[in-house]
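Student: I should like to understand how the descriptive terms applied to a structure are justified. Could we go through them one by one?

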Amino acid sequence: MLKFFNNLTHKLQIFKPLKDKKVGLYTCGPTVYSYAHIGNLRTYIFEDVLKRVLRYNNYKVKHVMNITDVGHLTSQADSGEDKIELAAKKEGQNAWQIAKFYTEAFKKDIQALNILEPDIWVKATDTIKDQIKLIQILEKKGYIYRITDGIYFDTSKLKNYGRLWPKKLKKKIKEIDLEKYARIEKIEGKKNLTDFALWKFTPLGVKRQMEWDSPWGRGFPGWHTECVVMASKFLGIPFDIHCGGIDHILIHHTNEIAQAEAAYGKILANYWLHGEFLILDKGKMSKSEGNFITLNDLIAKNFNPLAYRYFCFTTHYRQKLTFSWEGLAAAQAALNRLYEKVKEFKKQVSKTQLNLGQKAKKYQKKFNYFISEDLKIPQALALMWQMIKDKNISASEKYYLLLDFDKVLGLKLAELKEEKIPSKILKLVNEREMYRQQKNYQKADELREKIKNLGYLIEDTPSGPVVRKR
């Protein structure tokens, strides 16, 4: 039995898909004007775990992810420049080149993190006609109005606008509070602070790189309209699960729900899951604030990208996670220990057919309980280490369970191979071990440092030293 915290109902719910053992999943993809930062990537890791948990429990998942390559403005208030167009000006390229470059960069990042690709990638610019059709439906139903800079959705006409909002926002909230909580501003001509752009006009005297003709004038679509169309085009309305970062709750996902409900009389998706922020000491990671770290920054410091994946597993996806280099180093050390254990157990795997014992089956059952209870990965990780240390389970069972758990964890345990250590390194390791046995720890430490400078690390274990590449 799967349970997820549904932000639509504000409570933990048993998951019931629309079709037995089939799940429609939509995850908000990147706005491709810059590299994804590791805070963004934390959300994609959580969504990947969700998808893997569904598959682990024998659900067939149809996963759609969008690429926002137009329409996402620099302000939440539907003002400012389009992020893609702005990046094109700064980098001296055209908007299409910018979008393509950062789309490929994003795909490399998720590959490095062993995040499973969606079944369907869809670009906002490939669905312009569909977006215009949606706005026309809203126009016929009386939900839109025109102001100087575009076509807007009138939120006052929708009785249940703000379905995702926390209760404190729903109690006759003042406009000043909305500005504080939702980070939106007033625009001249807007009827309500919460109204949002469906179609933005190209300003007079301006030639945009990404603009299209529409029944209302030349321009480009609003960010929130894009996702409604891209999700429903491939998954229908309603579909099962919609995911994104917690920052999407107050505006982006709220406005997706509003359009779908106004146009079709249905909620866009039945379950809405959101990942919390990754924060630095100075606050949440943000491109607009200039305080962000990319996956390439981690790689440049010799961290395995999967160490960051492991680091994200140390805190529940609905809790803030504070990033530190020390924390990442600890995650890398834990991941390396795990790799060594997997190799150790693999060597001892029995060639006879494996039948899991009762204790091993209990670990497997408890692991599935944790991951199925709103993705309790930190508890699942702790259980995994408990199992590794359990002397009442054979090496063959441990190896089998680790590969089974990795169907969810995605740490590439099945792909591990024994590294061939150069003979000169092995000679130094043996020499160091000799000094250690003689209790000449100064010499032993000097050799450890020398080995480290040559690109290898030593871990002392009860069965002898283990050496691996840095």
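**Helix pairs and individual residues**

Tutor: Let us begin with helix 4 (residues 128–140) and helix 7 (residues 223–235), whose axes come within 9 Å and cross at roughly 105°. Please bear in mind that this is a predicted model.

Student: Why are helix 4 and helix 7 called roughly perpendicular to each other?

Tutor: Angles of 65 to 115 degrees count as roughly perpendicular. The crossing angle of helix 4 and helix 7 is roughly 105°, and the two helices are therefore roughly perpendicular.

Student: Which residues of helix 4 and helix 7 meet?

Tutor: Helix 4 contributes Asp130, Gln131, Leu134 and Ile135, and helix 7 contributes Thr225, Glu226, Val228, Val229 and Lys233. By class, this contact has four nonpolar, two polar and three charged residues.

Student: What makes helix 12 roughly antiparallel to helix 13?

Tutor: The axes of helix 12 (residues 358–372) and helix 13 (residues 377–389) cross at roughly 165° and come within 8 Å. An angle over 145 degrees counts as roughly antiparallel, so helix 12 is roughly antiparallel to helix 13. The crossing of helix 12 with helix 13 is left-handed. On the side of helix 12 the contact involves Tyr363, Lys366, Phe367, Phe370 and Ile371, which meet Ile377, Gln379, Ala380, Leu383, Gln386 and Met387 of helix 13. Eight residues of this contact are nonpolar, two are polar and one is charged.

Student: Why is the term oblique used for helix 1 and helix 14?

Tutor: Helix 1 (residues 38–56) and helix 14 (residues 395–409) have axes that cross at roughly 130° and come within 7 Å. Roughly perpendicular ends at 115 degrees, and roughly antiparallel requires over 145. The angle of roughly 130° meets neither condition, and the two helices are therefore oblique to each other. Val49, Arg52, Val53 and Tyr56 of helix 1 make the contact with Asp404, Asp406, Lys407 and Val408 of helix 14. These residues divide into four nonpolar, no polar and four charged.

Student: How do you know that Asp390 counts as buried?

Tutor: Buried means under 20% relative accessible area. Asp390 has 8% relative accessibility and therefore counts as buried. Asp390 lies in the loop between helix 13 and helix 14. Leaving aside neighbours within four places in sequence, Asp390 is in contact with Lys359, Tyr363 and Lys398.

Student: What joins the side chains of Asp390 and Lys359?

Tutor: A polar contact of 3.2 Å joins these two side chains; the cut-off for such a pair of N or O atoms is 3.5 Å. In addition, a polar atom of the Asp390 side chain lies 2.8 Å from the backbone nitrogen of Asn392.

Student: Why is Thr314 called partly exposed?

Tutor: Partly exposed lies between the limits of 20% and 50%. Thr314 has a relative accessible area of 40%, and is therefore partly exposed. Thr314 is placed in the loop between helix 10 (305–312) and strand 14 (321–322). Not counting residues up to four places away in sequence, Thr314 touches Leu321 and Pro378. A polar atom of the Thr314 side chain lies 2.5 Å from the backbone oxygen of Phe311.

Student: Which residues of helix 2 (residues 83–91) are buried, and what do they pack against?

Tutor: The buried residues are Lys83, Ile84, Glu85, Ala87 and Ala88, and they pack against helix 3 (95–112). At the start of helix 2, a side-chain oxygen of Asp82 reaches to within 2.8 Å of the backbone nitrogen of Ile84. Just after helix 2, Gly92 takes a positive phi of about 70°.

Note on methods
Residues are numbered from 1 along each chain as its sequence is written. This is a predicted model: local features need pLDDT of at least 70, side-chain atom pairs count only at pLDDT 80 or more; totals for chains, interfaces and linings use all residues. Side-chain values use heavy atoms; hydrogens and water are left out. Axes are lines fitted to C-alpha atoms, for helices over the stretch in contact, and angles run from 0 to 180 degrees between N-to-C directions. Helices (H or I, at least four residues) and strands (E, at least two) are DSSP runs, numbered from the N terminus. Angles under 35 degrees count as roughly parallel, over 145 as roughly antiparallel, 65 to 115 as roughly perpendicular and the rest as oblique. Contact means heavy atoms within 4.5 Å. Ala, Val, Leu, Ile, Met, Phe, Trp, Tyr, Cys and Pro count as nonpolar, Asp, Glu, Lys and Arg as charged, and the others, Gly among them, as polar. A crossing is left-handed if the near helix is turned anticlockwise from the far one by less than a right angle, and right-handed if clockwise. Buried means under 20% relative accessible area, exposed over 50%, partly exposed in between (1.4 Å probe, protein chains only). A polar contact is a pair of N or O atoms within 3.5 Å; within protein, one must be able to donate a hydrogen and the other to accept it, and residues adjacent in sequence count only if both atoms are side-chain atoms.
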